[in-house]
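Biologist: Could you take me on a close tour of the sheet in this one, and of whatever sits around it? I'd like the details in one go, informal is fine.

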Amino acid sequence: MLILVADASDPYVNDHMKVVNETLSEVGADRKARLIVLNKTDTVAGQNVLADLQQTNPGAIVVSAKDGSALDQLKSLF
């Protein structure tokens with residue numbers, strides 16, 4: 001399983017995720033199971049795009065490494 005951690009506060013997060021997906025496809029890893037983790041959701045920028053990110057990435061885990069929110073949820077998956 002691949003765990004893809006995305007910075008939700010980055011204004012280019014969707015572009016970064018697209019490049020990651022393209023790269024995974026190029027190396028033949030595009031069929032691996034993935035878990036998307038949206039980090040920095042405690043920031044204003046992260047909050048502003050969170051709904052859109054969750055819509056385009058259903059099932060993504062929403063966390064904040066800074067304040068620890070939802071890290072227990074993430075850990076419980078493993």
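Modeller: Here is a walk through the sheet, strand by strand, and then through the loops and surface around it. Keep in mind that this is a predicted model.

Start with the layout. There are three strands in an open sheet, ordered β1-β2-β3, and the pairing is parallel. The edges belong to β1 (2–7) and β3 (61–62); each has a single partner strand, so one side of each has no neighbour in the sheet. The two pairings look like this: β1 and β2 run parallel and are joined by six bridges, while β2 (residues 34–39) and β3, also parallel, are joined by two bridges. On top of that, helix α1 (residues 13–26) lies across β1 and β2, and runs at about 155° to β1.

Now zoom in on β2. Five of the six residues in β2 are buried, so the strand is mostly covered. Leucine 38 is a good residue to click on, and it lies in this strand. With a relative accessibility of 0%, leucine 38 counts as buried, because the cut-off for that is under 20%. Across the sheet, leucine 38 stands opposite valine 62 in β3. Isoleucine 61 is 23 residues away from leucine 38 along the chain, yet their C-alpha atoms are separated by 6.1 Å. If you skip the neighbours within four places in sequence, the contacts of leucine 38 are Ala6, Leu50, Leu53, Gln54, Ala60, Ile61, Val62 and Val63.

Next, slide over to aspartate 7. Its bridge partner in β2 is asparagine 39. Aspartate 7 also forms a salt bridge with lysine 40, where the closest N and O atoms are 3.4 Å apart. That pair ties together distant parts of the chain: aspartate 7 sits in strand β1 and lysine 40 in the loop between β2 and α2 (44–56), with their positions 33 residues apart. The structure holds one salt bridge, by the way. How covered are the two ends? Aspartate 7 has 25% relative accessibility and counts as partly exposed, and lysine 40 also counts as partly exposed, at 36%.

Lysine 40 leads us on to serine 64, which touches it. Serine 64 is found in the loop between β3 and α3. With a relative accessible area of 0%, serine 64 is buried. Leaving out residues up to four places away in sequence, serine 64 touches Asn39, Lys40, Thr41, Asp42, Ser69 and Leu71. Glycine 68 lies in the loop between β3 and α3 too, but here the relative accessibility is 32%, so glycine 68 counts as partly exposed. The C-alpha atoms of glycine 68 and aspartate 42 are separated by 9.7 Å, and the two residues are 26 residues apart along the chain.

Last stop, the surface. Met1, Ile3, Val5, Leu77 and Phe78 make a nonpolar surface patch of about 570 Å². One of its members, phenylalanine 78, is found in the segment after α3 (71–76). Phenylalanine 78 has a relative accessible area of 59%, so it is exposed. Set that beside leucine 38 in β2, which is buried at 0%, and you have both ends of the tour.

Note on methods:
Residues numbered from 1 in each chain as written. Predicted model: local features only at pLDDT ≥ 70, side-chain atom pairs only at ≥ 80, totals over all residues. Heavy atoms only, no water. Patch = residues over 30% accessible without salt bridge, like charges linked within 9 Å, V, L, I, M, F, W, Y side chains within 5 Å. Areas by Shrake-Rupley, 256 points an atom, 1.4 Å probe, with all protein chains shown as cover. Salt bridge = Lys/Arg side-chain N within 4 Å of Asp/Glu carboxyl O. Helix = DSSP H or I, 4+ residues; strand = E, 2+ residues; numbered from the N terminus. Buried < 20%, exposed > 50% of the residue type's maximum accessible area, 1.4 Å probe, protein only. Pairing = 2+ DSSP bridges. Contact = heavy atoms within 4.5 Å. Axes fitted to C-alpha atoms, helices over the stretch in contact; angles between N-to-C directions.
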